[in-house]
Amino acid sequence: MVNSYLYDEMKNKRVVITGIGVISSIGIGQDVFWKNLLLGKSGISKVTSFDTSNHNTHIGGEIKNFNPSDFMTKKRARLVGKTSQLAIAATRLALKDAGLDKKSASLFINGVCFGTTMGEIQALESADRIWIKSHRTQLEPISMYQSPANHIPTNVAIEFNIHGYNRIFTTACAAGNYALGFAYDLIRHGKIHCAVTGGADAMSWISFTGFNKVGATSPVKCQPFDKNRKGMIPGEGAGALIVEELDHAIARRHRIYAEILGYGLSCDSFHMTNPQVEGVERCMRNAIFETNTDIDKIDYICAHGTGTKSNDRTEATAINNIFKNRQVPTSSIKSMLGHTMGAASALEAITCCLAVKNDIIPPTINFETHDPECNIDCVPNKSRFIPVNIALNNAFAFGGNNSCVVIKKFK
């Protein structure tokens with residue numbers, strides 16, 4: 001018996017990206033984001049969201065100039081958590097970029113899919129501080145209303161009156177790619193015509209403290225694939241993409257950034273924090289196989305590239321195992337943004353879109369010393385102007401939850 005999810009008409013639909021929205025530590029909006037990526041500008045600064053005096057490190061990829069009232073009413077901003085604010089803001093930018101206003105979004109879009117790592121943990125952190133200071137009788141009910149992670153896509157749907165599928169993915173650092181893959185499936189399979197998807201996470205004291213406690217953070221800078229790398233740097237941000245069926249996009253005569261060929265998933269089933277080469281390699285191979293992509297045609301890999309010893313070594317080994325002696329340009333934008341958690345792979349998917357559209361690869365900054373254990377072309381310190389037809393977006397998360405998306409130049 002054939003699953004109803006797989007009837008014939010849904011197998012041949014092409015899925016394209018027509019709008020992108022960015023909220024990041026190096027810029028709000030795709031133009032400034034892309035400009036600063038190519039310039040190798042760092043968004044790392046001293047953390048001001050909370051007191052870090054008792055921590056080993058004190059820097060993060062914090063967004064310094066975000067004003068939620070630029071994107072929603074002040075009343076609405078007070079009702080939703082910080083991560084929802086970022087997701088709504090990125091979505092508003094993506095809708096505008098796709099030529100859609102609130103009315104047309106409500107008519108055309110019938111799916112919202114977002115990824116996150118920490119959800120709205122800031123609401124619980126705030127409630128905890130109040131509880132400790134003045135006991136539970138003074139807790140505000142809004143903290144409990146804001147805290148569920150599934151409220152992130154719900155708040156986006158409410159803000160733009162979008163009905164239909166609504167899904168949150170919490171597969172940590174890979175969640176943005178999971179959300180993008182789910183939206184791709186909905187469209188390819190004929191369930192919907194258009195969706196808003198992406199990832200969002202705000203700075204979190206719990207997350208920052210946790211990474212400090214396990215010794216995973218760098219005190220000065222993020223140096224993916226460098227021999228002397230000292231760790232990752234926590235960050236925040238949101239990336240939103242408008243994805244739609246090709247015929248739908250053509251019918252409304254809007255610009256197309258790139259085409260999504262598909263994705264691959266895997267789970268290491270090995271360890272909660274230590275990645276496994278076999279699992280990472282399996283995910284990349286799954287993406288290549290599922291999309292019928294010629295391995296020699298991949299022009300760029302947007303790396304997971306956290307800057308930790310284990311993660312970078314594992315990813316570089318997997319890349320070398322797959323591509324053998326071919327040095328595929330592979331850069332990590334986390335060197336500039338820090339690790340934006342659930343937003344990371346969404347922002348990296350946007351980077352892939354812009355790379356294939358403009359034939360430019362952003363650099364891995366802060367690269368100083370070659371590491372024989374990371375023997376890849378990490379596009380050190382300077383952007384590279386080369387033809388980019390197909391890009392592979394890597395995302396590997398805690399628990400071995402891996403996701404890779406293949407993005408191609410639209411022709």
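**Exercise 1. In which strand is Asp201 found? Then describe its surroundings.**

Solution.
Step 1. Place the residue. This is a predicted model, and in it Asp201 belongs to strand E7, residues 194–201.

Step 2. Check burial and charge. Asp201 is buried. It has no salt bridge. The nearest side chain of opposite charge is that of Lys82, 11 Å away. A salt bridge needs the atoms within 4 Å.

Step 3. Look for polar partners. The side chain of Asp201 reaches the backbone nitrogen of Gly342 at 2.7 Å. A polar atom of the same side chain lies 3.0 Å from the backbone nitrogen of Met118.

Step 4. List neighbours. Residues up to four places away in sequence are not counted. Asp201 then touches, among others, Thr83, Leu86, Thr116, Glu236, Thr340 and Ala343. Met118 and Gly342 are also among its contacts.

**Exercise 2. Which residues of helix H9 are buried, and against which strand do they pack?**

Solution.
Step 1. Find the helix. H9 covers residues 205–213.

Step 2. Pick out the buried residues. They are Ser207, Phe208, Thr209, Phe211 and Asn212.

Step 3. Find their partner. These buried residues pack against strand E4, residues 59–60.

Step 4. Inspect both ends. At the start of H9, a side-chain oxygen of Ser204 comes to within 3.2 Å of the backbone nitrogen of Ile206. After the helix comes Gly215, with a positive phi near 70°.

**Exercise 3. Describe the largest nonpolar core.**

Solution.
Step 1. Count its members. This core holds 53 residues.

Step 2. Name those that touch the most other members. They are Ile17, Phe33, Leu241, Val243, Ile260, Tyr300 and Ile407.

Step 3. Find the main contributor. Helix H8, residues 175–188, gives the most, with nine residues.

Step 4. Zoom in on Ile260. Leaving out residues up to four places away in sequence, Ile260 touches Val15, Ile17, Leu180, Tyr184, Val243, Val405 and Val406.

Step 5. Look elsewhere. Another core, of 33 residues, lies apart from the largest one. Its members include Ala77, Ile109, Phe160 and Cys194.

**Exercise 4. Why does the radius of gyration agree with a compact globule?**

Solution.
Step 1. Get the expected value. For 411 residues, a compact globule would have a radius of gyration near 22 Å.

Step 2. Compare. The protein has 20 Å, so the two agree.

Step 3. Add the wider picture. The C-alpha atoms fill a box of roughly 60 × 50 × 45 Å along the principal axes. Of the 411 residues, 61% count as buried. The chain forms 14 helices and 15 strands.

How values were computed. Residues are numbered from 1 along each chain as its sequence is written. This is a predicted model: local features need pLDDT of at least 70, side-chain atom pairs count only at pLDDT 80 or more; totals for chains, interfaces and linings use all residues. Side-chain values use heavy atoms; hydrogens and water are left out. A nonpolar core is a set of buried Ala, Val, Leu, Ile, Met, Phe, Trp, Tyr and Cys residues joined through side-chain atoms within 4.5 Å. Buried means under 20% relative accessible area, exposed over 50%, partly exposed in between (1.4 Å probe, protein chains only). Helices (H or I, at least four residues) and strands (E, at least two) are DSSP runs, numbered from the N terminus. Contact means heavy atoms within 4.5 Å. Lys and Arg count as positive and Asp and Glu as negative; His and the chain ends are not counted. A polar contact is a pair of N or O atoms within 3.5 Å; within protein, one must be able to donate a hydrogen and the other to accept it, and residues adjacent in sequence count only if both atoms are side-chain atoms. The radius of gyration is taken over C-alpha atoms; the globule rule is 2.2 Å times the number of residues to the power 0.38.
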